[in-house]
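Got the model open in your viewer? Let's walk through it with a few questions and work out each answer step by step.

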Amino acid sequence: MLLAQSKRSELPVILLTFGVFVTFIVSETFLSLLYRNQNIRLNLLDVLFWGGLIFWSIYVRVRLPLNASMSQLFLFVLALIVLTPPWVAPLFAFFPRWSKKIWYKELFNRSQDGLSTAVAALVWTFFQKNPLYLGPWILSAGVGITLAALAFFLVNTSLVTLVIHLSSGTPWKEIWRKNFKWLSISYFLLSPMALLLARAYETPLIGNWGGWTVLLFLVPLYYSRYYWDEKVRLEQAFDTTLEVLMNALEAKEKQTRMHSERVADIARDLAKAFYNDEAKAQEIYRAARLHDIGKIAIPEAVLLKPGKLTEAEFDLIKSHTKLGAELLSPARKVAFDQLVYNVILYHHERWDGRGYPEGLAGQDIPEEARIVGLADAYEAMTAGRPYREAKSPEEALKEVQDFSGVQFDPKLVRLFTVLWNQNPIWRDREAYLAAKGGSVSPSTLPQPSSESSLPSSSEPGSRTSES
């Protein structure tokens, strides 16, 4: 069902591939010896038919976001598990395919599909040998096919998740969320169809050959595959739209993109220390990349004004939080969860309640917004402005510490201090720009300031003199 397409860290992937291949060979040998006396009951037409279906299912696979793809292979191998001895279906999962992939990637794909099928075959066979009854009803077939599908899914997704993790370093939870979480429901809703395919093949309804009936089932199967494809395409479209928005914002305010990237890197490290959760840190990283997206709706005359802003102009600048949330509102619950909106809306709130847009204070401010707010403030202090020189990393750290319990969550300040002392690449802005290949010159890019009595939550230094 899911075919890994990893891109780096070849040695761990090759070692895993050989491990999966050997395990498949051992399991296949065990099954063939244990059930060698069972009749295969397949003629040449049967072999060509089911082999063709499996080849077709792999050919029309749907690519997933994180270096993988999925197909409806599981339905046809589960049907074969019902029709044949347990050792036959794993061979069908292993052999009928053609690919130009690198040899170890292709071997991994074949082996993990074969091994997943072998485990599913054992589960199915167990329930056929140990019938389940509920009064007059025999439940062995229904329970057996459901648990066999579950076994296939768990082995398959676990192995693919592992190879993606080894090859890219992507956290396990992130791989599951992006690739498999949304897929699991439709997968299990489809799994009973495998039993229907097998029964339809055994009891021909058209032309004395069950294959005609099976082919009729390909119509709804194709549309389920079409749903998967459209779901993936929709998410890709949202990601592409975001890149377009970020490019547009960069063209409007050239420092913003590098600013957002550095804020996101700081926020990810801080979130990882705060939650000890890679997946959560990745979510906050993604949200931090978008924290200033609302500035795309601010007129350039105000956004790029080199001098002091009037109070009305500063109010317009502050509106970027709500404008950003409104801009992304069509994607709510489709591409983004509430965390992203919390970051965009509340990253300028202060611990003492003097921030904006709602004047939230303390624990009322969402944790993710507190994290991004601290990262945003440190980046702004060390970036410099036309009317104020950039602070050194040491000066900026001291100012963050001075505003602990005033602007920033004290616990986050302590964690930030620990991270800062580890000398991460984001600590020094010039080193960060050099590492990222950036060429932004903070002294040449005008940034707005304000004479408003309400402090700007991205510049602690200005707040100190204004409060």
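Q: What share of the protein's accessible surface belongs to carbon and sulfur atoms?
A: Keep in mind that this is a predicted model. The accessible surface of the whole protein comes to about 20900 Å². The part of that surface belonging to carbon and sulfur atoms is 61%.

Q: How much of the protein is made up of buried residues?
A: Start with the overall build: the protein has 20 helices and seven strands. A residue counts as buried when its relative accessible area is under 20%. Of the 467 residues, the buried share is 55%.

Q: Is Gly144 buried or exposed?
A: Look for Gly144 in helix α6, which covers residues 140–168. Leaving aside residues up to four places away in sequence, Gly144 touches Val123, Trp124, Phe127 and Leu139. Its relative accessibility is 0%, so Gly144 is buried.

Q: Which residues form the nonpolar patch that includes Leu215 on the surface?
A: Leu215 itself sits in helix α9 (residues 210–252). With a relative accessible area of 32%, Leu215 is partly exposed. Together the patch has about 510 Å² of accessible area, and its members are Leu205, Ile206, Trp212, Leu215 and Leu216.

Q: Which residues gather with Glu394 in a patch of negative charge?
A: You'll find Glu394 in helix α17, residues 393–402. Glu394 is partly exposed, because its relative accessibility is 45%. On the surface, Glu394 gathers with Glu395, Asp428 and Glu430.

Q: How many residues apart are Glu379 and Arg262 in the chain?
A: Side chains of opposite charge can pair when their charged atoms come close. Here, Glu379 and Arg262 meet in a salt bridge, at 3.0 Å from N to O. That pair links distant parts of the chain, with Glu379 in helix α16 and Arg262 in helix α10, and the gap in sequence is 117 residues.

Q: Is Arg262 buried or exposed?
A: Check its salt-bridge partner too: Glu379 has 1% relative accessibility, so Glu379 is buried. For Arg262, the relative accessible area is 1%, so Arg262 is also buried.

Q: About how many helical turns separate Asp265 and Arg268?
A: These two form a salt bridge, with their closest N and O atoms 2.8 Å apart. Asp265 is buried at 7% relative accessible area, whereas Arg268 is partly exposed at 26%. Because they are three residues apart in helix α10, the separation is about one helical turn.

Q: Which residue forms a salt bridge with Lys295?
A: The closest N and O atoms of this pair are 3.7 Å apart. Both Lys295 and its partner are buried. That partner is Asp292.

Q: Where is the cis peptide bond that leads to Pro357?
A: Most residues other than glycine have a negative phi, and most peptide bonds are trans. Pro357 lies in the loop between α15 (338–346) and α16 (367–383). The bond leading to Pro357 is cis, with omega near 15°, and runs from Tyr356 to Pro357.

Q: What is the phi of Asn276?
A: Asn276 is in the loop between α10 (255–275) and α11 (278–289). Its relative accessible area is 71%, so Asn276 is exposed. Asn276 is not a glycine, yet its phi is positive, near 55°.

Terms used. Residues are numbered from 1 along each chain as its sequence is written. This is a predicted model: local features need pLDDT of at least 70, side-chain atom pairs count only at pLDDT 80 or more; totals for chains, interfaces and linings use all residues. Side-chain values use heavy atoms; hydrogens and water are left out. Helices (H or I, at least four residues) and strands (E, at least two) are DSSP runs, numbered from the N terminus. Buried means under 20% relative accessible area, exposed over 50%, partly exposed in between (1.4 Å probe, protein chains only). Contact means heavy atoms within 4.5 Å. Patches are made of residues with over 30% relative accessible area and no salt bridge: like charges are joined within 9 Å, nonpolar side chains (Val, Leu, Ile, Met, Phe, Trp, Tyr) within 5 Å. Accessible areas come from the Shrake-Rupley method with a 1.4 Å probe; for residues, only the protein chains shown count as cover. A salt bridge is a side-chain nitrogen of Lys or Arg within 4 Å of a carboxyl oxygen of Asp or Glu. Lys and Arg count as positive and Asp and Glu as negative; His and the chain ends are not counted. The place of a charge is taken as NZ of Lys, CZ of Arg, CG of Asp or CD of Glu.
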